[in-house]
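Thanks for coming, everyone. I'll put the structure up and then walk through it piece by piece.

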Amino acid sequence: MQKLLLILTGCLGLCAAKGQSPEQIVQDINKTANAKPKTLVYLQTSKGVFQRGEDIWFKAYIMDAQSLAPAALDTTLFIQLRSADSARIVSEEKILIDNGFASGQLSTRNTIPGTEYLLAAFTPHSIFKDTSEFKAFRRLKIADNAPPAGQVTSADSIHIDFFPEGGDLVAGVPNLVALKAWKAAGRQVQLSATLLEDGQPVMNVSSNRLGTGKFQFIPKQSAIYTLRTNHSAGHYKLPDALQTGVVLHLVSQSKTQFTFLLTKTRENSLNQIYVSAQARGIVCALFQGKMTGDSLRFSLPAAKLPQGIAQVTVYNEQLRPLAERLIFAHAGQNLVVRATPSQAAFRPRDKVKVHIRVTDAAGTPVVAHLGTSVYDSFYQNSADRLNIVSFTHLHAQIRGPVTDPDYYFDPKNEDRELALDLLLLTQGWRRYVWANNGTNAPSQLVLSNRMTGHLGGNRDFPPMLLAFAPNGSGIQNPIPVRPDGRFTLSVENMLLGRMYLKPLGDQQQIAKTKILLDEPFTQIRDALADKSIVGPVFTPLAPEAAYRSALSRSIVLDEFVVTAKGKTYSDPYVQGLDSLAKFSWNADFVGACNWLNCVSCGSGKKPVEGVSYSRFRDGRPSLHGPFKSEDVVKEPYKYPVYTEEELLAKFNLTRATGYQAQKQFYQPDYQHAPVDAAVDDQRNTLLWNPAVVTDEKGEATLEFYCSDITGAFIGNIEGLDVNGNMAAATFGFTVQDGNKEK
């Protein structure tokens, strides 16, 4: 065995290549990176279970897909609440992104069904047309005061997939094979089994509770290998072993380096090799070596790699990839968050203070941008236990669903690093998001950061559009129209929120002009139709027996309707258009004879709604002269009723929706505001603050008041620093009846 420590220079000039240039490896990886989304979006919500009629508060972290630092590339977040089966869209909004962060809220109606929903997030550079999976969403539950449905257990068959380390099973050399056992919907299966060679037992094999395991053996040429489980009489066939090939094996890993063994069969003439290491499309190292024997040991310094999944690939002299292995570098090197409540227990309406301190793994204080929430533990969603660490470093980086992604980052799980390596083996490099094939072209954008549109109905387009809010603001920012009729709204225009657009020009131009807006959410729906919506799979927790009583603590009103006399419109501006239309479009008058539209009088005053005027029953013009009493009708006058669409069309206006207006999360101040003891405070979410920034000491303080709900409360803290280092932590306290000691 030849042993060689290969120093990764990261400099192509030091790689004296024979045959093709190793620079082609970097070019191919860069092509792959160009075809991938440039930003990665993670959603944090105020809690996981909401009642009908409650606001859903959320924060979006928009990160550079390679460095994971907050990204300023996108300025518009498109947020969508849809049913879990995607059959129904409940709400859609646009949110302004401020240097990689965005926050907002969606209101739910009391009439929507109590079931599971998806809160999905999109930016122009996070969703491309030709990507196959979509993962930027959270599963939420809208509760309806009913206990959650129990998990359905079934006797469906076990599936076992085999993953030879490095890619292929090769005869005559040691092979490590990982396995993954699962049932329908990705439910993992812990199993015990026996490896058989041509039907004869070779060794015992088992998996962990996550359904993953591994075993090592030397396969023989032409032998048939199967796995027989102790759960059933079924046999599961391993891949056929290649007669000649190479095997890449991760021998050991430490905080400082990863050591690999590359083994080839004697018939293989492999000599010159190249090894690349990339993480999220970034080439971290590229180096070369020679195989003078049948094996080569080399080491990869961990310092060359960023935190997260890295892909190590071995190429031959023609730069054809021979074997690949995923590794996870710097496991556990996340930011450390310590949250300390001022007490372990409080009384209803007590003031709570929570001290937060954020440091790096070495204990150095860190300035971090955090999202924080505190809520009744009954509103925790066990079907979605993602946090920013498990989403960003794992779920978003591997194709397909990941089972219990939170397990691999919980310090309480002593086997988490071993389990993580098994996951990388079983969900392997073939399903790694940044897997390189060197043939990808730059992807096509689906969305734009600005609202766009065009003018139709006339080639002589007016030069400007006017955008204004219902209160009249925004007129000082006109929108120029290009010669082809296209236009783009500015940030200032979009900050108006709900607005109206009107063409500016001469009357003939305006009369022939129609404003047509590009609809981004239609483009989103079309793009998602070709993608798999992939979420993580979580092991069910024990059902909460008190679920019904917890939800019944809050009062949820049935839908109510406010009625008013006369026609009501969506805002005062349209109401004003209606009043204007009644006078500018209505030619009715009352002559001196008190008849409606009397031709003989020729003119008169405007009719008054509700006052009775005479006219001929058969509709003929009113004239002075003889008539029969039965020919005349006298009835209260009614002005024409216009729909909002008719009013907008008449005044050549188009509605548009820009950025959502910021809404403040309600928190009472029992110290300074009068307390009405007769009014129950039934807030199940005590705090939502999406913009907590620690100071130079890494510290921040949260302050809020308890409600009248007693029981256990959960605090959730997530965020990142300017370099893309992640932070996630929870804390808890209880609220007890006033008679109990704290």
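I'll take a sheet, the cores, the aromatic pairs, one loop residue and the cysteines in turn.

One caution before that. This is a predicted model.

Let's start with the sheet. Three strands make up an open sheet, in the order S2-S4-S7, and the pairing is antiparallel. Which strands sit at the edges? They are strand S2, residues 39-45, and strand S7, residues 101-107; each of them pairs on one side only. From one strand to the next, the twist averages 25°. Now look at strand S4, residues 55-64. S4 and S7 pair in the antiparallel sense over seven bridges. Take phenylalanine 58: its bridge partner in S7 is glycine 104. A helix packs on this sheet too. That is helix H2, residues 388-395, and H2 touches S2 and S4. The direction of H2 makes about 155° with that of S2.

Phenylalanine 58 takes us to the cores. The largest nonpolar core has 35 residues. Phe58 is among those with the most contacts inside it, along with Leu77, Ile79, Leu81, Leu119 and Phe122. Several elements each supply at least two residues of this core, including S2, S4, S7, strand S5 (76-83) and helix H6 (520-528). Which element gives the most? It is S8, with six residues. Apart from this core lies another, of 28 residues. Leu210, Phe391, Phe409 and Phe538 are among its members. As general background, nonpolar side chains in soluble globular proteins tend to be buried together.

Phe391 turns up again in the aromatics. Together with Tyr42, Tyr61 and Phe101, Phe391 forms one aromatic cluster. Across the whole structure, a search finds 25 aromatic pairs. I'll show two. The pair of phenylalanine 468 and tyrosine 573 is edge-to-face, at 5.2 Å centre to centre, with 70° between the planes. This pair links distant parts of the chain: phenylalanine 468 is in strand S30, tyrosine 573 is in helix H8, and they are 105 residues apart. Buried or exposed? Phenylalanine 468 is buried, at 6% relative accessible area. Tyrosine 573 counts as partly exposed, at 24%.

Next, tyrosine 670 and tyrosine 705. Their ring centres are 5.6 Å apart and their planes are at 85°, so this pair is edge-to-face. Tyrosine 670 lies in the loop between strand S38 and strand S39, while tyrosine 705 is in strand S40, so the pair ties together parts that are 35 residues apart in sequence. Both tyrosines are buried.

Now the loop residue, leucine 169. Where is it? In the loop between strand S11 (159-164) and strand S12 (175-182). Leucine 169 is buried, with a relative accessible area of just 3%. Its C-alpha is 4.7 Å from that of alanine 241, and those two residues are 72 apart along the chain. Beyond its neighbours within four places in sequence, leucine 169 has contacts that include Phe217, Pro219, Pro239, Asp240 and Ala241.

Last, the cysteines. How many disulfides does a search of the whole structure find? Zero. Why is cysteine 601 not bonded to cysteine 593? Cysteine 593 holds the closest cysteine sulfur, but that is 3.6 Å from the sulfur of cysteine 601, too far for a bond. The cut-off for a disulfide is 2.5 Å. Cysteine 601 counts as partly exposed, at 26% relative accessibility. Cysteine 284, at 14%, counts as buried.

That's my tour. Questions, please.

Notes:
Residues numbered from 1 in each chain as written. Predicted model: local features only at pLDDT ≥ 70, side-chain atom pairs only at ≥ 80, totals over all residues. Heavy atoms only, no water. Helix = DSSP H or I, 4+ residues; strand = E, 2+ residues; numbered from the N terminus. Buried < 20%, exposed > 50% of the residue type's maximum accessible area, 1.4 Å probe, protein only. Contact = heavy atoms within 4.5 Å. Pairing = 2+ DSSP bridges. Axes fitted to C-alpha atoms, helices over the stretch in contact; angles between N-to-C directions. Core = buried A, V, L, I, M, F, W, Y, C linked by side-chain atoms within 4.5 Å. Phe/Tyr/Trp six-rings, centres within 6.5 Å; stacked < 30°, edge-to-face > 60°.
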